[in-house]
Amino acid sequence: MTRKISWFTAMLMGLLPLAHAAPEPNPAGQAMGIAQSAEAAVPVDAPAQAQPGASQPAQAQPAAAAETSASGGAPVRNSELTFTNVAPAPGSFKLQGTRPDGQIEFGVRSDELVTQAVLHLNYRPSPALLPTLSHFKIYLNDELVGLVTITPEQLGKENQATVTIDPRFISDFNRVRFELVGHYTNICENPANSSIWLDIGKESRLDLTLQKLPLKNDLSDFPEPFFDSRDNRPLQLPMIFASAPNPDQQHAAALLASWFGVQAQWRGQSFPVLYNQLPQQQHAVVFATNDRRPDFLKDYPAVDKPTVEIISQPDNPYQKMLLVLGRNDSDLLTAVKGIAQGDVLLRGQSASVEQVKQLVARQPYDAPNWVRTDRATKFSELQQYENQLQADGIQPSPVSLTLNLPPDLFLVRARGIKMDLAYRYTSPMQNDGSRLAVNLNNQFMQDYPLQVKDDNGKQLLHIPLIQGLQDTGTSLTIPALRLGVVNQLRFDFDYATTVIGGSSDGRCETVSPVAHHVVVDGNSTIDLSGYRHYIEMPSLRAFANAGFPFSRMADLAQTLVLVNPQPQADQVSALLNAVGNIGAQTGFPALNVQISDDWSKAKAADADLLMIGTIPADLHEDSRINLLVERAKSWVNKPVRQPVLDDVDTPASDRTAASQTTIVSDGPMAAIIGFQSPFHEQRSVVALLADSPRAYQLLNNALLDSGKRTAIYGTAAIIRESGVNSLRVGDRYFVGHLPWWERLWHALASHPLLMALFAVVVVLLVALMVWRLMRLVTRRRLGNEDDE
């Protein structure tokens, strides 16, 4: 794989616009040092087949001509990375005596080169610091690039500093680290003193100027440049059709969107749809068959098998097109399945897909992003990057893990989730005060003391690689009701600090602080096996946060998507965004999703239904539907009582529809509604509705924005310019299986009076049975005495 050309080397060689930046990614996001030196410059390759249109931008040109052309017209963009978006925690972050380090991370796309970088800092130092002696250092990829001295007039006040960063030190994954050197006294100084601090404000930012680089037409770097893991922005990838796509073409595009959603993960993703036109200054995916192509591919040679190809866009060598080609619509689906299952085999400018065969069927609840529910799951299986389970420092940073659970995991009566925890740590200086605290979703669970290691050194030569670390294991039960769909498990290793001061004879006793090392063992486990799956529906929260009920099968094998026969571009985009979002949540592409425009198929299919854009006319009067959004008018059912908090379990009487209102308006509005399938009682329907192109944008933004997703719950969510409003109205139903005795207990648990009455009845019945048994025993004993 070619490597990124450093800015300095490229300028010396005069080959800046000719390099293809495609370095090997660093999954851990660790710093890679200064930019790597250049290999031989690679000119832009000519495509194997000529592109239509007046110009041929992908044709190879002489080096001098290409250099002049690129230097005169290479696109340049400015990027502003605010600390609110790139800092580890939102808002300001504090540098203090025991934790003097803080950092931000950012990546640079393979098709861009940083030509200028300026760091703008807003900071406030402690008024107790000694000026001049106190300062903070700025490192880029462990290279010192700036030093800010704290002066007397800055103490306790908000200050600004501007640091220009040499772009030669910027590589693909970058870490800007801040280190405070703070002092509050000249003698007998305690590094843990609370007066040593410096706040770096969230208004701080890093301004980058980036220049576009022309790329080779080579699929070996795929999914670059269409998706680049170094780019932390939400993925936006336009998809192009010759005209309104039929269900088969929508099927192929939805599968590809779900695969790109898997790649985008937490970033978010959107897929604008265009008919017979290319986007401006964006890479794009084009779907075309031999007899149905956009005008800009009209003269492109026909294909004789499913084909995937990368070429430059007409008149723009800096933007690429991923061509998904086939003889017919079936070939398009085969080509996309080849991408989803065989992307590691793609290479060259063009690749044909011979065959895609599924060898093993997916099982329910086996989504790669979810914690296993069929066995205990090791922490090492939940790691998202290298060294996630360890930390270093005078006060080590917290160790965190994300636990994604199936929304229908029935934990109501569970005593707790068992977790076997093993951890290692360097010995503290004293027994009192140091501890490990376990937190779940920012709520304290349990703590364990960190003990001083009792070792006289005699076993030194026999200690293995973990020499110097304490080995400890324990069993922890996590309260089940504290678990949600997405959970954050955090381990805080807090070391007690030694107070430093003067002795009775006037001497100053100092202790040099040393860095501690802590490790949560990857063999630690959390066990969610044995729990049943049972959930109250409709639950739009489960759909928004986990794609449920469709994500029950990670490949969407039990999902039927109903689309319009002649969809508008915004409706197709809504389909791709929805399926892409589910792919990001499950971590697996929708290989077996079904898509149809025939409503009659829904009656025969035992599947959950996802409706895009409209609800069939014969369901408009169905009592289970509590909201309808159409272009002409909309109506909504309102409940008897709507709870203020979204997590309150309301009784059935409060959910009863008390009114129905119909309104006509020209303002944009979208909606997400859920209801029970009219054909199968264990199946659900989720409909994504909107009345205008702007409303579809509001719908997509609501599903991508984490803040707005938290406002989606209940049976209906109304999305307007002002935000999201959700309702709990209408009947509820349950999906999953519980034995009758557990269902009875679950029903009584929400009705204390009925439970008390039931308990009284049970006690009376037991007492009656005991009384009858005692009478029977008494009669037999008396009868035996009479016989004697």
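**Local environment of Gln-154, a helix pair and an open sheet**

In the predicted model, Gln-154 is placed in the loop that connects β6 (143-149) with β7 (159-165). With a relative accessible area of 14%, Gln-154 counts as buried, because the cut-off for that class is under 20%. The side chain of Gln-154 is joined to that of Tyr-123 by a polar contact of 3.2 Å. When residues up to four places away in sequence are not counted, Gln-154 touches Tyr-123, Pro-125, Thr-149 and Asn-159.

A helix pair is considered next. The axes of helix α4 (residues 247-264) and helix α5 (residues 329-342) come within 8 Å of each other and cross at roughly 10°, so that α4 is roughly parallel to α5. On the α4 side, the contact is made by Asp-248, Gln-249, His-251, Ala-252, Leu-255, Leu-256 and Trp-259, while α5 contributes Asp-329, Leu-332, Leu-333, Val-336, Lys-337, Ile-339 and Ala-340. Sorted by class, the residues in the contact of α4 with α5 comprise nine nonpolar, two polar and three charged ones.

An open sheet is built from four strands in the order β21-β26-β23-β24, with antiparallel pairing. The edges are occupied by β21 (399-404) and β24 (443-449), each of which has a single partner strand, so one side of each is left without a neighbour in the sheet. From one strand to the next, the twist averages 15°. Within this sheet, strand β23 (residues 435-440) pairs with β24 in the antiparallel sense over six bridges, and Arg-435 has Pro-449 of β24 as its bridge partner.

How values were computed. Residues are numbered from 1 along each chain as its sequence is written. This is a predicted model: local features need pLDDT of at least 70, side-chain atom pairs count only at pLDDT 80 or more; totals for chains, interfaces and linings use all residues. Side-chain values use heavy atoms; hydrogens and water are left out. Helices (H or I, at least four residues) and strands (E, at least two) are DSSP runs, numbered from the N terminus. Buried means under 20% relative accessible area, exposed over 50%, partly exposed in between (1.4 Å probe, protein chains only). A polar contact is a pair of N or O atoms within 3.5 Å; within protein, one must be able to donate a hydrogen and the other to accept it, and residues adjacent in sequence count only if both atoms are side-chain atoms. Contact means heavy atoms within 4.5 Å. Axes are lines fitted to C-alpha atoms, for helices over the stretch in contact, and angles run from 0 to 180 degrees between N-to-C directions. Angles under 35 degrees count as roughly parallel, over 145 as roughly antiparallel, 65 to 115 as roughly perpendicular and the rest as oblique. Ala, Val, Leu, Ile, Met, Phe, Trp, Tyr, Cys and Pro count as nonpolar, Asp, Glu, Lys and Arg as charged, and the others, Gly among them, as polar. Two strands pair if DSSP finds at least two bridges between them.
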